[in-house]
Every structure is written in structure tokens, then in C-alpha cells.
Amino acid sequence: MAVIGKKKERSTPAISTASLPDIIFILLFFFMVSTTIKEVDYKVIIRLPEATQVKKLENKSLVSYIYIGPPQRALQEKYGTKPVIQLNDQIASLSQIPQYVEIERAKRPQADVPKMTFSLKVDKETDMGIVTDVKQELRKVQALKINYSAREPYKK
Amino acid sequence: MARRKKGIPEINAASMADIAFMLLIFFLVTTTMSVDKGITRKLPPPVPPDAEAPKVKERNVLSVLVNKDNQVAVEGELTEIDALTQRVKEFIINPNDDPNLSEHEFISDLLDKEMAKPNPDKNKIETYKRILDEIGNVPKSKGVVSLQTDRATKYNVYIQVQDAIVKAFNELRDELAMQAYGKPYNELKEDQQKLIREIYPISLSEAEPRRVKTK
């Protein structure tokens, strides 16, 4: 008996790596589910304000974004340093908002249009003037559900 | 050699891990972990320019002003943002029936009023009846918080003020929910939340604050 036991111990068996892909796949799925693909390339700098009463935005597919903030460094020569509006991938003017809303609405099924939310991602150093203008523009086209994007303060 | 060909050769799975790793790294790089969060608000619908402004009694309006120097004034006096939540709560509940704070209407009165209308709203009647059943005859405030900002106000301050006001309403809802159901508002069922929302709607007017006429 002892002899047989000794024989077995001589070479350490190789650890099977067959399950390694499975482990990696589980990790992969975790990341795929828990993350969201970045919507656009930011042309403006956005440092979100902090707020405590924030709610998670539900139903991501029904959310459209409007970004307001000073242009990125590289674009400051062209657009200046004052806060501007970004729609999709481009810096836009106030008058383009109704058109943007129409396009965003056309992308969704008719039944979901009333449930659409417009998320305003605004840099915290922006003046209210431009934000108010955007809000008035949204009201004109009956896009009334909005969301002020904010971060939860870091909890210690 | 002949023997080997009989069985299908096993595919080497060692590179599977590498492929999966590549995919994993791709997702890690292209995605952001942050979830979108924010304060959800509803804008009032556009009004025709010749429409008459709704008349609201002076005592039922809590005016919050933020000037270009980012100072906050409640009813004309300078206030810290931290104190704002408390001010709004007091204004809405008005426990001692202060004549300078908001008026109340009991749910039973609201129900009677709705019933007396020529074409009563069935949904409203239903909701009021459920409130009477489940929560009791609680007073509902007529108060409206009016938020007015300057064009030069910083967005950050605006959000802080919004946050403080929304916090006041959320705390009121939580208190009522605890009292009525023994649970915080967030843990209630959707239809129960609706009842609480009916009693404490977030009545915050901001888009056209100048339209609110005061008597």
C-alpha cells in the first residue's frame, strides 16, 4: 500500500486550465451587464454637481442627453470658453434643440414617446441663463420630463 | 497514426481564455462604471402668452430667490442652503396654523368638492377614498414653492437649492409613510406611493416664476 502511495506522489498533477475560460467569461458577463457604453464623445467639460436626493435613471433606452459646459481645451480656440450646448457628438446652438428632440422622438416607438426623459448633464460652473434657455426650448416642444444629472456625494 | 485518425481530434481550449480576456479588456476600456443618477423634475407645459396666471394666495407661496452672487433668500431674507429644507417643511406642514405659512385642505373636504363638480374625476375620487381608508383624513397643503434664479446664478447652487427643496418633500413623504404603513416611502408598493404622492406632491414652480400672481 505504501509503495503505491509513493508512486503517485512523484509527479504533481498539472492543474487543469479547462475551467479558466469559464471564469473569465463570468467576469466578462459581469462587466457587460453592469456597465454602459459611453454615449458620446464629450466635446464639453462636464463636472457634475453633487446632490443627495438623486434617483437612478430608469429605462436607459428612453433617455436622451443634452450636455452643457465649457468646450474642451482643444476646441476652445474655435468655440471660446463660455459654456456651450452639445447634442449628440456636436456642439450645437439653442435653436437646434427642437430638431434634436424630434429626431430623438422618431427613434423610439410611438408609445414610448411620452415616457422619454431628457437628461441635462450640466457643468456645475455654468450660469443658469443658458440652462433656463434650454429648459424653455424643451417646454416649447413638450419635452417636459427632464433630469438634472448629479453625483451622490462621496460617503465616508 | 491510423489509430489516431479514427477519433475526432480534441480542439485545444487553451486559447479560449485569451480570447475571453481580450473581450473582457475591450469591455473594460469602452465602458464606464458610473450609473446615471440625477434629480428628476417635470417642467410645466407651455402656456399661451395671453393665458391668465393662476392666482395663488400670498401665504401659499414660499418664494426662494437665488441671486447672481449665489445668495439664497427665502421670503426676502437671506438664508443658508442648509436651513432651506427645514423652512420648506415648516411651510408645507404648518403645524401651528401660522397665517403666514401655507393653508390646508382635508382630504375629506377635497373628496366632497370633487363629488360636487358637474363632471367629477373618477380617478381622483378613487384616490381620495383610498387615502381616507388607508392613511386617514390628513391635511393636504396648498403651498407652492417658487424658485427663481438669476441668469448669472451658478448651476451648482441651483442644484443645491433644488436638492434641499426636494429633500424636504422626500422627508415629508417618508414621515407620512412611516406613520401610515410603518415603512419608508421607497419600500412601499407603487399604489401606496401614489397615495403619498397625492398628499405631498412636489409643488415647485420655477420655469415661469413671475407668472405666479400674488393676491
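Me: In strand 6 of chain A, which residue is the bridge partner of A:V63?

Reply: Start from one pair, then widen out to the strands that hold it. In this predicted model, A:V63 has A:T117 as its bridge partner in strand 6 of chain A. That pairing links strand 3 (residues 63-69) to strand 6 (residues 117-122) of chain A: six bridges join the two, and they run parallel.

Me: And what packs on the sheet there, touching strand 6 and strand 7 of chain A?

Reply: Helix 6 (residues 155-181) of chain B does, and it also touches strand 2 (37-42) of chain B, making about 75 degrees with the direction of that strand. Chain A brings a helix too: helix 5 (residues 128-140) lies across strands 3, 4 (84-87), 6 and 7 (145-149) of chain A, at about 150 degrees to strand 3.

Me: How do I read the strand order of the whole sheet?

Reply: Walk from one edge to the other. Here seven strands make an open sheet with mixed pairing, ordered 2(A)-2(B)-7(A)-6(A)-3(A)-4(A)-5(A). Strand 2 (55-56) and strand 5 (90-92) of chain A are the edges; each has a single partner strand, so one side of each lacks a neighbour in the sheet.

Me: How many bridges join strand 7 of chain A to strand 2 of chain B, and how do they run?

Reply: Five bridges, and the strands run antiparallel. For a landmark, look at A:K145, which stands opposite B:K42.

Me: How many residues does the contact take from each chain?

Reply: Chain A gives 45 and chain B gives 41. Elements of chain A supplying at least two residues each include helix 2 (20-34), helix 5 and strand 7. By class, chain A's side has 22 nonpolar, 12 polar and 11 charged residues.

Conventions. Residues numbered from 1 in each chain as written. Chains lettered and ligands numbered in written order. Predicted model: local features only at pLDDT ≥ 70, side-chain atom pairs only at ≥ 80, totals over all residues. Pairing = 2+ DSSP bridges. Helix = DSSP H or I, 4+ residues; strand = E, 2+ residues; numbered from the N terminus. Contact = placed C-beta atoms within 7 Å. Axes fitted to C-alpha atoms, helices over the stretch in contact; angles between N-to-C directions. Nonpolar A, V, L, I, M, F, W, Y, C, P; charged D, E, K, R; others polar.
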